[in-house]
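Biologist: Shall we walk through this model together, one question at a time?

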Amino acid sequence: MTQTTLQVAVCLFPGVTTTDYQGPVELLGILSAKNRQRALSGVSQDLPDLSIEFTYLSHTLDPVEPTAGPLALPSLMYDAAQEQFDIILVPGGPNVNPPSACSEFIKRQSPGAKYILSVCTGSLILARIGLLNGHKATTNKRAFRSVQEETKHLPITWVPKARWVATEDKRIWTGSGISAGMDLAGGFLDHLVGKKLGLAMRSFIELSMKTEDDDEFAAYHGLV
């Protein structure tokens, strides 16, 4: 049987939060061609006929300086991207002000993308270009009120108590703050490959995944 490869575009920009994207990449990357046999050897259920590969994009090919951690090296510029990606992964950052090439890329890719995932204030990037209109979504709880205020003119239902939120058609997934990206990735994997294999993959990185509404930080920040 022919194996399907899902191509993931990871959107980088100066001041990006590393864990926003690296957490999901660590989990989803188990299905990459170089990792799947090692990580999933001994798994009793059949492996899915799909793999996941990543391309890291930025507005230039210069190393990207995140809020913390090592420089990230993009492999493709937004303006040079010709292929249609299957999954768009949009991290956030404290200032949430990526170069316009980033937003234009997401806008250009979104009609043909199978899935769009955002982590933390990456959801604000999606909101600004209209992708969350008519949907429920969540974001970093510390930034929740400011995000809500900026987008109050838009038809978005911001969910205060949520670790992550998926739209009804499961196409757009928004995660809460930073580490919630791994929980979002876990829920997304369950949707993609089923809960049994999702658990096997989480066990490889020893992730105790929080469920969609398991969010103590909404109360901590006085949102509920």
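Biologist: Leaving aside its neighbours within four places in sequence, which residues is L117 in contact with?

Modeller: This is a predicted model, where local features need pLDDT of at least 70, side-chain atom pairs count only at pLDDT 80 or more, and totals for chains, interfaces and linings use all residues. Residues are numbered from 1 along each chain as its sequence is written, and side-chain values use heavy atoms, without hydrogens and water. With contact taken as heavy atoms within 4.5 Å, and leaving aside neighbours within four places in sequence, the partners of L117 are L28, I87, I88, L89, V90, W173, L184 and F188.

Biologist: Which helix gives the most to the largest nonpolar core?

Modeller: That core (buried Ala, Val, Leu, Ile, Met, Phe, Trp, Tyr and Cys joined through side-chain atoms within 4.5 Å; buried is under 20% relative accessible area, 1.4 Å probe, protein chains only) has 69 residues. L117 and I88 are among those with the most contacts inside it, together with I52, F105, I106 and M201. Of the helices (DSSP runs of H or I, at least four residues, numbered from the N terminus), the one giving the most, with six residues spanning 180-193, is helix 6.

Biologist: Which residues are closest to the centre of the largest pocket?

Modeller: A pocket is an open set of 1 Å grid points where a 1.4 Å probe fits, with protein on both sides within 12 Å along at least five of seven lines; lining residues have an atom within 4 Å of a point. Helix 1 (18-28) supplies at least two residues of this lining. Of the 13 lining residues, the closest to the centre are V25, G29, S32, K34 and N35.

Technical notes
Buried means under 20% relative accessible area, exposed over 50%, partly exposed in between (1.4 Å probe, protein chains only).
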